[in-house]
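Hello,

Here is the structure we talked about handing over. Please open it alongside this message, and my notes on what turned up follow below.

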Amino acid sequence: SAPAALPSSVTQAQRDELGLRLLQLTLAELFEWCYMQTDPNWSNFLYRPTPAPAQCFLLDFGAAREYAAKFVAAYLRIVDAARTRDSATVLQYSRQIGFLTGEENAIMNAAHCESVFLLGEPFATKEPYDFRARSIPTRISAHVGTMLQHRLRPPPTEIYSLHRRLSGLFLGCAQLGAVVSCKAPFEAALDKFRGAHPELFR
């Protein structure tokens, strides 16, 4: 993997910077362009640390797909609500995009909300987030068995590709050992999307 190929001379600050650039790119793809390269394989990215500011580029669009702005708006509301562990809003918009039917039992609703809260966790605090220590994918997997047992419908097709990329982002930052301040970039992406699509937030 790419992190294993990084020379030992790479500093923690450089790892954190790379994690930040990957996060910013992912947020821009989803919330600014509504068009995402959904394959998180490291060979699909190019990182250029100099000249400043450092930049992260996409190299391969074979797994790219477009997301409808209405879907992105609902997903953004879900992640935003997850930051404050707002179960009612998470469930409302999860039903709106077809994640849930509204007929799920309390066990399924609780497992769904807890897994979604984990997605929102990096964006909930101003403190730098240690992806390796927090291990989001592993913690989400603890709820998968319950959701498979109690789910009444499969997730919308958009979710499979989107979560593949988000999982890749979290795993990549963990493999890098990146510690990233995620709240401000998320809120900037949120504000930009709301400004571009005010009709979806009335």
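Before the first pocket, a word on classes: Ala, Val, Leu, Ile, Met, Phe, Trp, Tyr, Cys and Pro count as nonpolar, Asp, Glu, Lys and Arg as charged, and the others, Gly among them, as polar. Please also keep in mind that this is a predicted model.

**The largest pocket**

With those classes in hand, the lining of the largest pocket divides into 14 nonpolar, 5 polar and 1 charged residues. The space inside this pocket comes to about 470 Å³. It has 20 lining residues, and those closest to the centre are Phe-99, Ile-140, Val-144, Met-147 and His-163. Which helices should you colour to see the walls? At least two lining residues come from each of α5 (106-120), α7 and α8 (157-176). Helix α7 gives the largest share, with 7 residues.

While you are looking at α7, find Ala-142, which is also in that helix. Ala-142 counts as exposed, because its relative accessibility is 62%. Its C-alpha atom is 8.7 Å from that of Ser-115, and the two residues are 27 apart along the chain.

**The cavity**

How many cavities of 30 Å³ or more does a search of the whole structure find? The answer is 1. The space in the largest cavity is about 120 Å³. Its lining is made by 13 residues, and nearest the centre are Leu-27, Phe-31, Tyr-75, Phe-123 and Leu-166. Helices α2 (12-32), α3 and α8 each give two or more residues to this lining, and the largest share, 5 residues, comes from α2. By class, the cavity lining has 12 nonpolar residues, 1 polar residue and no charged ones. Helix α8 is therefore worth displaying in both views, as it contributes at least two residues to the pocket lining and two or more to the cavity lining.

**Cysteines**

You may want to know about disulfides: the structure holds 0 of them. Why is Cys-34 not in one? The closest cysteine sulfur to that of Cys-34 belongs to Cys-56 and is 20 Å away, which is too far for a bond, since a disulfide needs the two sulfur atoms within 2.5 Å. Cys-34 is buried, as its relative accessible area is 8%. Cys-113 is buried too, with a value of 4%.

**Backbone features to check**

Most residues other than glycine have a negative phi, and most peptide bonds are trans. Against that background, four places deserve a look.

- Thr-50 and Pro-51 are joined by a cis peptide bond, with omega about -5 degrees. Pro-51 sits in the loop between β2 (45-48) and β3 (55-58).
- Ala-52 and Pro-53 are also joined by a cis peptide bond, here with omega about 0 degrees. Pro-53 lies in the loop between β2 and β3.
- Arg-85 is not a glycine, yet its phi is positive, near 55 degrees. You will find Arg-85 in the loop between α3 (69-82) and α4 (87-96), and it counts as partly exposed because its relative accessibility is 49%.
- Ser-135 has a positive phi of about 50 degrees, although it is not a glycine either. Ser-135 is in the loop between α6 (131-134) and α7 (136-150), and at 25% relative accessibility it counts as partly exposed.

Happy browsing, and do write back with any questions.

Best wishes

Notes. Residues numbered from 1 in each chain as written. Predicted model: local features only at pLDDT ≥ 70, side-chain atom pairs only at ≥ 80, totals over all residues. Heavy atoms only, no water. Helix = DSSP H or I, 4+ residues; strand = E, 2+ residues; numbered from the N terminus. Buried < 20%, exposed > 50% of the residue type's maximum accessible area, 1.4 Å probe, protein only. 1 Å grid on protein atoms, 1.4 Å probe; cavity = no way out; pocket = protein on both sides within 12 Å on 5 of 7 lines; lining within 4 Å. Points joined across faces, edges and corners; volume = space filled by probe spheres on them.
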